[in-house]
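Work through the exercises below with the model open. Each task is followed by a solution in steps.

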Amino acid sequence: MVSHDADTELTRDLGTFAVFTTAAGTMIGAGIFILPGPAAAGAGPSAALSFTFAGIIALVATMCAVELATAMPRAGGPYFFASRAMGPLVGTVIGLGAWLALIFKGSFALVGLGWYVTYFSAVPVLAVAVVGGLLLIVINWVGAEKSGGLQNLVVIGLVAILAVFAGRGIFAVETATLSPFLEDGWGGVVTTTGLVFISYLGIVKATAIAGEVKEPGTTLPRALLAAVVFVTTLYAAVMVIVTGVLPIDAVVESTAPVADTGEVFLGALGGALVALAGIFATVSTANAAILSSSRFPFAMARDGLMTPKLRQSSPRFGTPTRSIWLTGLVMIALALAFDVEGLAKLGGTFGILVFALLNVTVVLLRSARPEWYDPDFRVPFSPILPLAGAAAALLLIPFMGLLSQVSAIAFVLLGIVWYYAQTRIGEPVEPDHNIGDQLQRVQYRKALEEKESQLADGSAAGPKIVVEVVEEKENEDLLSIVAAFADRLEADLETVVISEVPPHIPLSEYDHDIDEEWVATLWQRLEEKDCEVDIEHVLARDRTDALLDLIDDRTELVVVDWHGPIRERHLRESHVDEVLRSELPVRVAVLKHRDTSDLTDIVVATEEKPYDRAEVELADAIAAATDATLTLTKVIPEDASEERITTAEEYLASLEELVRSPVETELIQRDDVRAALVERGNAADLLVLGAPSHPDRLHDFFGQTTDVVAAETEASVLVANEAETHLPWYRRVKRRIVGEG
């Protein structure tokens, strides 16, 4: 039977440190530089507890997000999890909530930018916010890649500056300044917790990279939970230092409280450096908010939940133009309409609703127990802890003022009205199910797959062959060949199409679906050949690494369909070049199809060197399956000695006894080895050549002879490479760097 699950997947090459820095970077930003003043006004020195409590609530929500991400390890985020698990109605509410939360966070950062600029120059705060917002809109419109690298450097710099600030500042704290610690009581702490909650909104967005993480079941919880604990500790420490160095009144009145505090124990230069860090932090937060939040209406528009105009990309820059400008202009308008405290509370309110819905999503899926829901990480003490986290978050809203309460109710109603309006006046809404429909559909599919697997093989999983095909390319020879390999090895076929994504486009936002008609044709032809096959679509930065990642303990053979021209200038550093130079721990076969007739004449050719085991055994399998004539051909010099000729003939005779198919042997004496092999190949339907195990990069691709023969013969060519036991050092280093951050 044929599996019809051809889901698009992303390459998984992010390790623990890479995910940790990404998650920490979503939280470290404007919050700690702007909020100490408003937080001190609400809770005094105990504002550090407010950051801690907000961090604990965020920690529980992060656990729930991680469970959802490991159960659905695909690119996305809160909108994706909710819409795919609970249907588009809940997806609409949570998508709008996440969008508004990030917009308010961006507006909050723009005002903070104006605050920290005034540390250096007396300019209007709102003018700075407007100009900064417009510049960031243009940057994101022109292309996110122009700011992505700088964003990472900014985060590293902020952590370093805050580490110095905390390390030096903890010794400057005066305990008398911190007294009385609970001067506004626990009510002040709770109220301020809602105020500072906006600082943690980015953490759930970090789960959007779940589809790119290695071993998400262990990597995601370790990295994300560690990031929340680290940032919470850092925020609380900075708050203790600020309120322990400056009097509360000075903190409340300051527009750059962290910089003013740093100036006390780091001097004027240190204070200026902290203020500069505040500018970078606010710019970074606002930029990240535009970049992230603009993708929500873009994604919702693609699902039919917003006007189709929002999913249109700039033909010049490839970015969601209307979505970016809509998001950015709304952000600027909110910065002009509300003060910092109002922006923080409204943004926190929408973030709280998103967090609470994620917690509830986990509880509902645990109760429904769909067969597909099998997360590698599970929230402990469920359902108590997720429900407690949701309740704790929602209980903050009554302490955040009437405007926040009204906004929360209005937001939920708006989401419901918007959804039903779109279902009537807009395009078809995706996904077109509610939670009951989705769970039933998944249960049926999983049940059928399990039965098919049990009927096919009642024992443990057997070997497999990984076959990389080129999208929308027809290759009947390839199908015949891999079917022969599957029969000989008694293996399943794992067929993969790899789309290489440019570095400036996030993998999670790359919109490319393989042609369904082509996939159906491929399935049908493989089914006719009685193959057990699974077809996958993988998105990757590096096509070769993506193919290598599919190799596991079951893999016996990797087959690559090569449609490019075979000449050195095309092969050097190409995908096929990389595959055959990777010294894989399994056999590799690369097929160059030249639209020849049916496979009736197969020639395995070599010069004086012995055949690789792989080329003979693979050719034997093809011949046995296609009833083709198999010929083992060897070329030696015309002036070869009798002993050399005898040795070659005995070698060919020994091989003849080892293969299963009827075989002929052929010894050609000719000085021009390449010309002889090309001539023999032209008379065949398929020419099988071996690749050297350790090719020299100073020479041609497969080795000079194989390179020239493969390029010049008119026959289809199969180049076979014997298994190696390790990856080359340069690829191991690359994997470590990429995978571990």
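## Exercise 1: A salt bridge between strands

The side chains of Glu494 and Lys464 form a salt bridge, with N and O 2.7 Å apart. The pair links distant parts of the chain. The model is a predicted one.

Task: Place Glu494 and Lys464 in their strands, then decide whether each is buried or exposed.

Solution.

1. Glu494 sits in strand S3, residues 492-500. Lys464 belongs to strand S2, residues 464-468. They are 30 residues apart.
2. The cut-off for buried is under 20% relative accessible area.
3. Glu494 has 12%, so Glu494 is buried.
4. Lys464 has 5%, so Lys464 is buried.

## Exercise 2: Two further salt bridges

Task: Find which elements are tied together by the salt bridge of Asp620 and Arg488. Then treat Arg680 and Glu666 in the same manner.

Solution.

1. Asp620 and Arg488 meet through their side chains, at 3.3 Å from N to O.
2. Asp620 lies in helix H25 and Arg488 in helix H20, so this salt bridge ties together parts that are 132 residues apart in sequence.
3. Asp620 is buried at 3% relative accessibility. Arg488 is partly exposed at 21%.
4. In the other pair, the closest N and O atoms of Arg680 and Glu666 are 2.7 Å apart.
5. This pair also links distant parts of the chain. Arg680 is in helix H27 (residues 673-682), and Glu666 is in strand S9 (residues 663-669). The separation is 14 residues.
6. Arg680 is buried, with 14% relative accessibility. Glu666 is partly exposed, with 25%.

Task: Which residues are joined with Lys464 into one network by shared salt-bridge partners? How many salt bridges are there by the count?

Solution.

1. Lys464, Glu494 and Asp552 form one network through salt bridges that share partners.
2. The count comes to eleven salt bridges.

## Exercise 3: Helix H20 and its end

Task: Compare the reach of H20 with the expected span, then find how many of its residues are buried.

Solution.

1. H20 covers residues 476-489, which is 14 residues.
2. From first C-alpha to last, H20 reaches 20 Å. The expected value, at 1.5 Å a residue, is 20 Å, and the two are close.
3. Ten of the 14 residues are buried, and H20 is mostly covered.
4. Among the buried residues are Asp477, Leu478, Ile481 and Phe485.
5. Just after H20 comes Glu490, with a positive phi of about 50 degrees.

Task: Which residues gather with Glu490 in a patch of negative charge? Where is Glu527 found?

Solution.

1. The surface patch holds Asp487, Glu490, Glu527, Glu528 and Asp530.
2. Glu527 is found in helix H21, residues 516-528.
3. A patch residue needs over 30% relative accessible area. Glu527 has 44% and is partly exposed.

## Exercise 4: Cis peptide bonds

Task: Locate the cis bonds that lead into Pro180 and Pro383.

Solution.

1. Ser179 to Pro180 is a cis peptide bond, with omega near -5 degrees.
2. Pro180 is in the loop between helix H8 (145-169) and H9.
3. Ser382 and Pro383 are also joined by a cis peptide bond, and here omega is about 5 degrees.
4. Pro383 is in the loop between helix H16 (340-368) and helix H17 (384-394).

Task: Which residues form a nonpolar patch with Trp186?

Solution.

1. The patch on the surface is formed by Phe53, Ile56, Phe181, Leu182 and Trp186.
2. Their accessible area together is about 450 Å².
3. Trp186 is in helix H9, residues 185-196.

## Exercise 5: Positive phi in loops

Task: For Phe381 and Asp627, give phi and the loop, then decide whether each is buried or exposed.

Solution.

1. Phe381 is not a glycine, yet its phi is positive, at about 55 degrees.
2. Phe381 lies in the loop between H16 and H17.
3. The cut-off for exposed is over 50%. Phe381 has 67% relative accessibility, so Phe381 counts as exposed.
4. Asp627 has a phi near 60 degrees, again a positive value in a residue other than glycine.
5. Asp627 lies in the loop between helix H25 (613-626) and strand S8 (629-636).
6. Asp627 has a relative accessible area of 72%, so Asp627 is exposed.

Definitions and conventions:
Residues numbered from 1 in each chain as written. Predicted model: local features only at pLDDT ≥ 70, side-chain atom pairs only at ≥ 80, totals over all residues. Heavy atoms only, no water. Helix = DSSP H or I, 4+ residues; strand = E, 2+ residues; numbered from the N terminus. Expected span 1.5 Å × (residues − 1). Buried < 20%, exposed > 50% of the residue type's maximum accessible area, 1.4 Å probe, protein only. Patch = residues over 30% accessible without salt bridge, like charges linked within 9 Å, V, L, I, M, F, W, Y side chains within 5 Å. Areas by Shrake-Rupley, 256 points an atom, 1.4 Å probe, with all protein chains shown as cover. Salt bridge = Lys/Arg side-chain N within 4 Å of Asp/Glu carboxyl O. Lys, Arg positive; Asp, Glu negative; His and termini not counted. Charge placed at Lys NZ, Arg CZ, Asp CG, Glu CD.
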